Amino acid sequence: MGNYTKKDIINIVRQIIITIALNIITTLILLLLCNKGFTDVNIVVVYILSVLITSSYTKGYTYGIVASVMSMLSFNYFFTKPVYTFKVDDSAYIITLGIMLLSSIFTSTSASKLIQSKELAKIREKQSNVLYRITSSLARTSELPEVAAVAVGCLSSLLLRDIVCIIVNDKNIYVRKCLEYDVQNSIGKDEMDCYEGNGRIVASDIVLTPNTVRGFINGYFTSTIKVRDNLISYLCMPKEMENMNNEQLFLLDSVKIQIASAMERVVLVRDREAAKSETERERFKSNLLRAISHDIRTPLTRITGAAHMLQHNLGENDSTKLISGIYEDSTWLTHLVENILSLTRIQEGKLNIRIQSEAVEEIISGAISQTTKYAPAHKITITVPQDVLFVPMDGKLIEQVLINLINNAIEHTSPEKEILVSVTPENEKVWFEVKDNGIGIDEKDLTNIFDMFFVSPNSRRDGKQGMGLGLAICKAIITYHGGNITAYNNPEGGSTFRFYLNQSLNVNADE
């Protein structure tokens with residue numbers, strides 16, 4: 001019978017039986033009472049009352065209209081002359097029958113409208129109560145499984161169906177499933193009862209794997225819930241709910257909006273807490289690094305100074321060699337501490353840049369002067385323009401960049417090989433290059449060498465490998481200046497680090 005379910009067919013048969021039975025009972029009663037002085041008017045009124053009762057116990061206009069027609073025919077057959085026929089001898093009865101039919105139809109349709117309005121008001125009230133309960137219940141949730149529990153319970157109560165809510169995350173898939181419900185007790189109870197059970201709604205948790213969830217939801221009418229374009233949850237309902245009418249779809253969408261808002265709130269709170277925790281960890285790490293670096297720098301300064309004095313005062317070769325080793329190691333540690341301090345300032349956004357015009361030759365001379373103290377055997381060649389070149393920069397920071405790049409070249413170049421430091425103006429940019437003839441850079445590492453804490457597997461193994469901070473700090477400083485730094489391998493061997501500064505620098509800097 002088309003799209004009718006077994007339940008619908010049973011309901012239709014029941015209402016047909018009610019319509020026919022009421023008409024038969026009314027006719028029998030009137031036949032018994034017709035000898036008690038009942039007039040035609042009384043009989044018509046009783047039949048109209050029968051139609052009204054029929055409309056009260058059936059749904060829709062159809063059964064009321066059918067009852068009106070049956071009442072008119074029954075009145076004509078049993079109570080108008082000639083009786084037990086559908087003939088009408090008196091033309092006045094034709095008018096009576098027509099008025100009776102119209103009155104019965106009008107009465108039945110009015111009664112049906114009132115009943116439908118009452119049922120619709122009851123449904124609206126129930127929906128409003130459920131929406132209120134789900135809104136107030138969702139407001140108290142703090143985790144996604146709690147939101148799923150509320151969604152399952154309230155939707156089951158609202159739609160009178162088993163509901164499955166699947167929460168998706170990176171590791172697990174949680175399923176909150178309503179197993180059974182009691183329709184009578186699920187209306188008008190405390191808002192928390194809609195998902196806590198109390199003998200009415202029983203929910204269970206199941207864990208699926210990402211590989212099995214697709215097969216699981218295929219057996220349901222599934223609706224997705226997304227938060228900021230990220231899939232958070234599936235709402236799974238029985239397949240027959242695919243044919244919901246517009247009103248049911250509107251109600252389902254209203255509930256979905258409430259659920260999505262609650263899940264978005266939970267996700268935002270969780271992300272905010274995670275970001276806060278990450279910020280706290282970074283702050284703690286920076287404070288720890290800064291405290292350690294400050295504590296180490298003071299004794300290192302004394303060790304370096306003492307070793308430098310002993311190195312020039314002692315005459316014995318073995319002692320001089322030993323003191324030179326102490327001096328080099330302490331200097332290396334000093335550079336490491338300075339890089340750690342620069343890292344903490346960069347991470348906290350406290351890398352202050354004080355821009356002013358600086359002579360490029362003086363900056364390069366200062367950087368080479370610092371590096372040659374610790375590597376006097378290395379040959380460093382400088383190429384700069386003949387004319388004095390002024391570039392807006394923070395001289396101290398750019399000098400630190402050059403020191404890091406030259407030290408990096410010294411570490412990977414033997415003393416007999418040349419290191420070239422050059423400056424070349426080009427249009428509105430000034431290019432700085434540090435070129436060496438060392439071992440070069442592994443091609444696999446070229447894209448990563450400026451990353452924080454990156455250490456190449458092919459780097460030196462003499463105990464001074466470093467922490468992978470120098471080049472990352474160089475990149476941060478150059479970026480703060482509005483420039484860019486790159487690295488590449490030379491065709492003849494070795495590598496070149498190249499960066500530029502703008503001659504008309506425009507950065508947010510502390511003057």
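**Exercise 1. State which residues threonine 19 touches, not counting residues up to four places away in sequence, and determine whether threonine 19 is buried or exposed.**

Solution. Threonine 19 touches Thr54, Thr58, Tyr63, Val66, Ala67 and Met70 once residues up to four places away in sequence are set aside; contact here means heavy atoms within 4.5 Å. The structure is a predicted model, in which local features need pLDDT of at least 70 and side-chain atom pairs count only at pLDDT 80 or more, while totals for chains, interfaces and linings use all residues. Residues are numbered from 1 along each chain as its sequence is written, and side-chain values use heavy atoms, with hydrogens and water left out.

The next step is to place the residue: threonine 19 belongs to helix H1. Helices (H or I, at least four residues) and strands (E, at least two) are DSSP runs, numbered from the N terminus. Threonine 19 counts as buried because its relative accessibility is 3%. The classes are buried (under 20% relative accessible area), exposed (over 50%) and partly exposed (in between), computed with a 1.4 Å probe and protein chains only.

Finally, the side chain of threonine 19 reaches the backbone oxygen of glutamine 15 at 2.9 Å.

**Exercise 2. Describe how helices H1 and H2 cross, and name the residues that make the contact.**

Solution. H1 covers residues 6–33 and H2 covers residues 40–57; their axes come within 10 Å and cross at roughly 160°. Axes are lines fitted to C-alpha atoms, for helices over the stretch in contact, and angles run from 0 to 180 degrees between N-to-C directions.

H1 and H2 are therefore roughly antiparallel to each other. Angles under 35 degrees count as roughly parallel, over 145 as roughly antiparallel, 65 to 115 as roughly perpendicular, and the rest as oblique.

The crossing of H1 past H2 is right-handed. A crossing is right-handed if the near helix is turned clockwise from the far one by less than a right angle, and left-handed if anticlockwise.

On the H1 side the contact includes Arg14, Ile18, Thr19 and Leu22, and on the H2 side it includes Ile43, Val46, Tyr47 and Thr54.

**Exercise 3. Determine how helix H3 is oriented relative to H1 and to H2.**

Solution. Begin with H1. The axes of H1 and H3 (residues 62–79) come within 10 Å and cross at roughly 30°, which means that H1 is roughly parallel to H3. Their crossing is right-handed. Among the residues that meet are Ile16, Thr19 and Asn23 in H1, and Tyr63, Val66, Ala67 and Met70 in H3.

Proceed to H2. H2 and H3 pack at an angle of about 155°, with their axes 9 Å apart, so H2 is roughly antiparallel to H3. The crossing of H2 and H3 is right-handed. Residues that meet include Tyr47, Val51 and Thr54 in H2, and Tyr63, Gly64 and Ala67 in H3.

**Exercise 4. Locate threonine 381 and threonine 413, and determine the exposure class of each.**

Solution. Threonine 381 is a residue of strand E7 (residues 379–383). Threonine 381 is partly exposed because its relative accessibility is 23%. Beyond its neighbours within four places in sequence, threonine 381 is in contact with Glu418, Ile419, Leu420 and Val421. Valine 421 lies 40 residues away in sequence, with a C-alpha to C-alpha distance of 6.1 Å. The side chains of threonine 381 and glutamate 418 make a polar contact at 2.3 Å. A polar contact is a pair of N or O atoms within 3.5 Å; within protein, one must be able to donate a hydrogen and the other to accept it, and residues adjacent in sequence count only if both atoms are side-chain atoms.

Threonine 413 lies in the loop between helix H11 (395–411) and strand E9 (418–426). With a relative accessible area of 5%, threonine 413 is buried. A polar atom of its side chain lies 2.7 Å from the backbone oxygen of alanine 409. Outside its neighbours within four places in sequence, threonine 413 is in contact with His378, Ile419, Asp436, Asn437 and Gly438.

**Exercise 5. State how many residues of helix H12 are buried, and what share of the protein is buried.**

Solution. H12 (residues 470–480) is mostly covered, with eight of its 11 residues buried. Among them are Leu471, Ile473, Cys474 and Ile477. Glycine 482 follows H12 and has a positive phi, near 85°.

For the whole protein of 511 residues, 39% are buried. The protein has 12 helices and 12 strands.
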